[in-house]
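Hi everyone, thanks for coming. Today I'd like to walk you through one protein chain, a piece at a time. Have a look at it first, and then we'll begin with a single residue.

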Amino acid sequence: MGKKLEKGLKEKNASAVSQDEENPNKTPEPYSCTGNFQADFTELCRRNSMTYIPPIIPRARPPTVMGHTESGKPDKGKGKAPQAPVEPDPDPEQDLDGEGIEAPPKTFTIKEKFEYFKPSVQVEMENFDKPDTVTEIYIRGWKIVEPIMEIFKQCWPKMAKLHTINLWNCGLSGEVITILASTITEIPEMRNLVLDGNTVVEENWHELMGEESPIQNLSLRHCGITDKGAEQIGQALGSTKRCNTKLISLNLSGNRITDVGAEHIALGLRMNRNLMSLSLASNFIGDKGASKIAEILSRFPLTHEEVVERRKHFSEKDFPERNKSPPGSRRDGSKDRPASVRSQSHMDKDKKGSKASAKKKDPKGKDAKEEEKHDKTKKKEKEDKTLTKKESRGTKG
């Protein structure tokens with residue numbers, strides 16, 4: 001009986017292998033990410049047939065002293081615990097001449113040659129025992145191409161606690177920036193983005209500051225941004241039609257922005273009321289650009305177009321249902337012309353106009369009033385005549 005089972009299993013395995021050999025180009029089932037960054041990233045890289053899969057390692061931290069926390073304060077209760085007996089130091093090693101050999105230092109570890117320069121992904125976690133608690137991601141010094149960014153696009157939105165991404169000197173391109181801009185809108189807790197040291201020819205940094213972008217702190221230091229990129233950044237910060245309402249801090253230090261670019265950024269700040277910190281250090285900005293920025297930092301009058309657009313914005317914010325058509329209107333079914341709601345001032349004017357037109361169209365009302373006045377005057381005249389007659393009679397008597 002056991003031999004028959006073994007033969008059956010062998011036949012099944014052989015048939016499965018033959019089917020795999022017959023369909024070598026069969027596409028695997030789509031992989032659904034689970035929120036475990038290490039497992040998801042490794043599996044997606046394997047499916048993309050990558051020769052080298054960058055390892056995911058915890059970010060290095062400075063060593064802590066025994067009995068002390070990272071803040072430098074001693075832990076309560078830990079010093080009272082019984083300590084293990086201290087083992088004596090081993091005898092130092094000696095060379096052939098009998099001299100002692102110095103032991104290697106314990107403050108750092110020695111890695112293999114070029115091990116430090118191999119690509120890796122460093123992560124910060126709330127709890128190292130739970131791989132789905134990654135909060136920060138650091139990638140430094142290796143080029144991120146589009147296939148890698150597509151893998152990140154599948155992994156990062158499933159990470160519920162991710163709030164910081166740092167890509168330093170990763171050789172980003174315009175296409176990678178576009179993919180990243182569409183990815184950060186899907187990350188639920190995304191707040192901080194650092195892209196220092198990435199020179200992009202397209203300079204499409206404004207895509208990271210769209211209306212749907214959740215970024216609050218954005219750092220673009222030493223990215224080779226010129227006046228072209230500064231103009232697009234200024235338009236993304238704010239204009240008469242739209243404005244960024246999430247960005248709080250923007251770092252543009254160490255770029256190639258001149259007075260022209262500073263003027264574009266100043267125009268973008270006219271309608272922006274949310275940005276709290278802006279750094280333009282180590283650029284090519286002179287007195288003219290600095291004066292434009294200084295004008296925005298003080299009180300300044302708004303233009304007519306800005307006043308109109310600001311009033312529209314506040315009216316739409318306070319009365320969101322004003323632009324909707326009222327129920328039961330005749331224009332609900334019409335597609336050519338959208339329905340509108342008349343304001344209270346127009347309705348009051350219409351009422352006054354209707355009363356005035358009613359007065360003009362009703363001449364009989366005027367005649368009746370004139371007849372009443374005429375009758376009253378006649379009565380007064382008759383009363384006066386009777387009084388004069390009585391007085392004249394009294395004088396004769």
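Let's start with S282, which you'll find in the loop between β8 (277-279) and α7. Before I say more, please keep in mind that this is a predicted model. What is the phi of S282? It is positive, at about 60 degrees, although S282 is not a glycine. For background, most residues other than glycine have a negative phi. And is S282 buried or exposed? Its relative accessible area is 62%, so S282 counts as exposed.

There is another serine to show you. S49 also has a positive phi of about 60 degrees, and again it is not a glycine. You can find S49 in the loop between α2 and β1 (56-58). With a relative accessible area of 61%, S49 is exposed.

Now let's follow the chain from the S282 loop into helix α7. Which residues of α7 are buried? They are G289, I293 and I296. Around the helix axis these three cover an arc of only 55 degrees, which puts them on the same side of α7. If you wonder how that can happen, remember the general rule: an α-helix has 3.6 residues a turn, so residues three or four places apart point the same way. Turn to the face of α7 away from its buried side, and you meet the exposed residues D287 and K288.

What do the buried residues of α7 pack against? The partner is α6. The axes of α6 (residues 259-269) and α7 (residues 287-297) come within 8 Å and cross at roughly 10 degrees. Angles under 35 degrees count as roughly parallel, and α6 and α7 are therefore roughly parallel to each other. If you'd like to find the meeting point on your screen, look for D259, A262, E263, A266 and L269 in α6. On the α7 side, they meet K288, G289, K292, I293 and I296.

Next stop, helix α3, which spans residues 146-155. Its buried residues are I148, M149, I151, F152 and C155. Seen down the axis of α3, the buried residues fall within an arc of 155 degrees, so they line one face of the helix. And what covers them? The cover includes α2 (37-47), β3 (134-140) and α4 (174-184).

Just before that helix there is a tryptophan worth a visit. W142 sits in the loop between β3 and α3. Its relative accessible area is 10%, so W142 is buried. Leaving aside neighbours within four places in sequence, W142 is in contact with P54, P119, S120, V121, I148, N169 and C170. Take N169 from that group: W142 and N169 are 27 residues apart in sequence, but 7.2 Å apart in space, C-alpha to C-alpha.

Here is a histidine to set beside the tryptophan. H206 lies in the loop between β5 (192-194) and β6 (217-219). H206 has a relative accessible area of 27%, so it counts as partly exposed. Not counting residues up to four places away in sequence, H206 touches Q232, I233 and A236. H206 and L237 are 31 residues apart in sequence, and their C-alpha atoms are 8.5 Å apart in space.

Now for the cysteines. As a reminder, a disulfide is a covalent bond between the sulfur atoms of two cysteines. How many disulfides does a search of the whole structure find? Zero. Why is C45 not bonded to C155? The sulfur of C155 is the closest cysteine sulfur to that of C45, but at 7.6 Å it is too far for a bond. C45 has 0% relative accessibility, so it counts as buried. C243, at 23% relative accessibility, counts as partly exposed.

Finally, let's zoom out to the whole chain. There are ten helices and eight strands. Of the 397 residues, 26% count as buried. The chain exposes about 29600 Å², and carbon and sulfur atoms supply 52% of that. Among contacts between residues at least 6 apart in sequence, 71% join residues at least 24 apart. The pair of W142 and N169, 27 apart in sequence, is a nice one to find on your own screen.

That's my tour. Thanks for listening!

Methods. Residues numbered from 1 in each chain as written. Predicted model: local features only at pLDDT ≥ 70, side-chain atom pairs only at ≥ 80, totals over all residues. Heavy atoms only, no water. Buried < 20%, exposed > 50% of the residue type's maximum accessible area, 1.4 Å probe, protein only. Helix = DSSP H or I, 4+ residues; strand = E, 2+ residues; numbered from the N terminus. Arc of directions from axis to C-beta. Contact = heavy atoms within 4.5 Å. Areas by Shrake-Rupley, 256 points an atom, 1.4 Å probe, with all protein chains shown as cover. Disulfide = S-S within 2.5 Å. Axes fitted to C-alpha atoms, helices over the stretch in contact; angles between N-to-C directions. Parallel < 35°, antiparallel > 145°, perpendicular 65-115°, else oblique.
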